[in-house]
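Please look over the sequence and the structure below before reading on. The paragraphs that follow take the chains in turn and then go into a few chosen places.

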Amino acid sequence: MTPRRVQSAVFVVIWLAALLTLLTLAVIIGAIIVRGLPMVSLEFLTRAPEDLGRQGGILPTIAGTVLLGVIALIIAVPVGVGAAIYLTEYTREGRLTAIIRFGTESLAGVPSIIFGLFGFIFFVTTLKMGWSILAGALTLAVMVLPTIIRTTEEAILTVPYSYRDTGYSLGATRWEMVRTTVLPTALPGIVTGIILAFGRAVSETAAVIFTAGTALNLPTSLFSPVRTMAVHFYILAVEGISLDKAYATGTVLILTILAINVVANILVRRVSRKVGR
Amino acid sequence: MKERLIQAVLFICGLFAVVALALITVFIFQAGAPLVARIGLADFLFNANWDPTAKKPSFGIFAMLVGSIWLTAGALLIGVPLGLAVTVFMTDLAPVRLVTIMRPAIQLLAGIPSVIYGFIGLTLLAPLVRRLFGGPGLSVLTGAIVLGVMILPTVISISEDSIRAVPVALRQGALALGATRWQMLSRIVLPAAKSGIVASVILGMGRALGETMAVIMMIGNSLNLPGSVLDAATTLTSNIGLEMAYASGQHREALFATGVVLFVLIMALNSITNAFVKRNRSGRRA
């Protein structure tokens with residue numbers, strides 16, 4: 001075969017691989033939504049489940065998901081953004097930053113089941129929080145911390161140095177410069193990272209099932225156990241409780257993730273347009 | 001004075017990730033290591049008899065270790081070629097408009113919850129595998145195919161970065177010498193991006209090894225050693241995920257010990273990746 005023929009053959013295979021990937025995504029989303037969407041109604045979203053989830057809606061699991069995600073972010077965002085500011089604005093690359101980077105990168109690679117084990121033995125058992133919103137949110141906070149640090153760092157690094165020089169030349173201290181110049185400019189990028197971190201929290205199962213529990217009641221305090229949508233979906237499917245309700249819950253889950261991704265993409269596009277200028 | 005205080009606070013924020021990693025290490029080891037010390041590491045790793053609730057309980061994770069290795073290898077066999085093909089498609093073949101579709105699509109693939117992947121494996125792929133190849137359907141093969149798709153975003157994003165980092169001069173040089181575009185890609189660009197590609201494969205390996213909920217839903221959770229890819233199996237992660245719900249005492253210790261083995265494997269993979277990425281970076285600078 002001539003090199004040109006080989007090339008044509010290989011390129012056909014590569015095109016097929018790309019189309020196969022798109023098709024797979026479409027099948028995954030389609031298979032859930034086509035069967036699930038007709039069963040999603042306002043009633044399904046706003047009613048409590050009955051009979052372990054065979055009947056009724058998923059309101060407590062929506063509440064549990066949102067509470068866990070929001071509280072995890074309230075804990076992780078200040079810490080993560082602070083860490084990123086320290087790494088980019090306050091220190092030179094050295095042994096200390098190498099250690100912090102190693103910690104962050106390793107944490108990003110730790111599987112969620114390990115976070116689940118850790119959260120269970122540390123927050124639930126040792127700190128005696130029990131299966132609760134607080135224990136689940138703290139576990140998730142540790143888990144999404146690397147995402148927030150990394151995206152914030154990247155956002156801060158896109159801020160041009162001339163902005164900083166302008167700040168300093170006006171007599172600003174380092175923190176004044178960071179607060180008034182760097183952070184506002186990097187904000188859309190930081191927000192994108194926060195949104196993606198929320199998405200991770202929403203889709204997580206292994207880390208929350210052993211820390212926040214599986215209770216189907218509406219939470220009343222930070223120490224109430226909750227069940228998230230993802231955990232509810234898992235239990236409905238694996239324990240064979242109701243396939244219909246599983247499809248419906250899965251649809252809500254996928255639409256949530258879809259919305260999160262669309263918003264994040266719009267923000268990213270706006271940022272790159274700004275940098276392009 | 002205020003500046004000093006702020007700097008100190010930010011420094012503490014920076015240390016959080018390191019402290020968290022240390023806490024995870026200490027607490028997982030503390031909960032799992034004593035059991036391994038009692039029964040011996042070799043017996044724990046290489047005994048295939050897992051019977052944690054018997055009167056005379058036996059804690060051997062060999063079957064899970066084998067299951068994890070099979071499943072991870074299978075996921076790589078499917079995910080790496082597919083991922084590299086998609087990467088090359090995005091860097092070199094696709095019309096710009098198609099790239100703007102592919103990128104969010106792959107991001108979405110990364111965002112889909114693992115329980116959804118597991119559900120697709122359980123309801124769509126397992127029956128298909130059963131009909132086409134026989135066996136129970138819930139099997140290593142089903143799990144490997146779905147995990148292969150799940151690691152795609154990891155493989156693609158890291159290897160795309162490294163392929164895009166290959167200097168344009170190398171590409172132009174190859175083309176100027178009369179190479180076809182595929183010759184340029186296969187003999188110049190991909191070898192030049194090798195360390196980044198290897199890093200992407202190792203990261204993908206870590207993801208496959210650590211995945212839990214999807215695996216529980218697809219692999220059949222049999223404690224027997226798999227004889228073929230059509231058999232059901234169990235993995236380090238899926239066994240922890242399944243049994244943590246009701247384990248106590250020694251049994252729970254054994255699950256944490258399984259977690260220790262998993263954690264050590266993952267940290268080893270992380271370190272290898274770091275070494276590769278570092279070499280990549282310094283190579284680029286030179």
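A residue is called buried if 20 or more other C-beta atoms lie within 10 Å of its own, exposed if 12 or fewer do, and partly exposed in between. With this in hand, consider Asn221(B), which is found in the loop between α11 (213-218) and α12 (236-243) of chain B. Asn221(B) has 19 other C-beta atoms within 10 Å, and therefore it is partly exposed. The backbone of Asn221(B) also deserves a look, since its phi is near 50°, a positive value in a residue other than glycine. Most residues other than glycine have a negative phi.

Before going further, please keep in mind that this is a predicted model. The model scores ipTM 0.93 and pTM 0.94. Chain A averages a pLDDT of 93, with 98% of its residues scoring at least 70, while chain B has a mean pLDDT of 93, with 97% of its residues reaching 70 or more. In chain B the confidence is lowest in helix α13 (residues 249-285), where the mean is 82, and highest in α6(B), where it is 97. Over residues 282-286 of chain B the pLDDT is below 50, and this stretch has 1 contact in the model beyond near neighbours in sequence. Where pLDDT is low, the predicted coordinates should not be read in detail. Among the elements of chain A, the lowest mean pLDDT, 87, belongs to α11(A), and the highest, 97, belongs to α5(A).

Turning to the overall build, chain A contains 11 helices and 2 strands, and along the sequence these elements follow the pattern α-α-β-β-α-α-α-α-α-α-α-α-α. Its C-alpha atoms fill a box of roughly 70 × 65 × 35 Å along the principal axes, and 48% of the 277 residues of chain A count as buried. Chain B has 13 helices and 2 strands, its C-alpha atoms fill a box of roughly 75 × 70 × 30 Å along the principal axes, and 49% of its 286 residues count as buried. If we take the contacts in chain B with a separation of 6 or more, residues 24 or more positions apart account for 74% of them.

How do the two chains meet? In the model, 65 residues of chain A are in contact with 65 residues of chain B. On the side of chain A that touches chain B, at least two residues each come from several helices, including α1 (3-36), α3 (59-90), α6 (133-157) and α11 (243-276). The helix that gives the most to this side is α1(A), with 18 residues. Sorted by character, the residues of the side of chain A that touches chain B divide into 46 nonpolar, 16 polar and 3 charged.

The helix α1 of chain A appears again when we ask what covers the buried residues of α6(B). Helix α6 of chain B runs over residues 140-150 and is mostly covered, with 11 of its 11 residues buried; among them are Val140(B), Gly143(B), Ile145(B) and Met150(B). What covers these buried residues includes α1 of chain A together with α3 (62-93), α5 (114-133), α7 (152-164), α10 (194-210) and α11 of chain B.

Back in chain A, helix α8 (residues 174-203) is worth following from end to end. This helix has 30 residues, but its end C-alpha atoms are only 38 Å apart, short of the 44 Å that a straight helix would reach at 1.5 Å a residue. Along its course α8(A) bends by about 55° at Leu187(A), and a proline, Pro188(A), follows within four residues.

Two loop residues of chain A complete the tour. Val159(A) lies in the loop between α6 and α7 (161-169) of chain A. Is Val159(A) buried or exposed? Because 20 other C-beta atoms lie within 10 Å, Val159(A) is buried. Leaving aside neighbours within four places in sequence, Val159(A) is in contact with Val182(A), Thr185(A) and Ala186(A). Leu52(A), by contrast, sits in the loop between β1 (49-50) and β2 (55-56) of chain A, and it counts as partly exposed because it has 14 C-beta neighbours inside 10 Å. The phi of Leu52(A) is near 65°, which is a positive value in a residue other than glycine.

Conventions: Residues numbered from 1 in each chain as written. Chains lettered and ligands numbered in written order. Predicted model: local features only at pLDDT ≥ 70, side-chain atom pairs only at ≥ 80, totals over all residues. Expected span 1.5 Å × (residues − 1). Bend = angle between axes of the 7 residues up to and from the residue. Contact = placed C-beta atoms within 7 Å. Nonpolar A, V, L, I, M, F, W, Y, C, P; charged D, E, K, R; others polar. pLDDT = per-residue confidence, 0-100.
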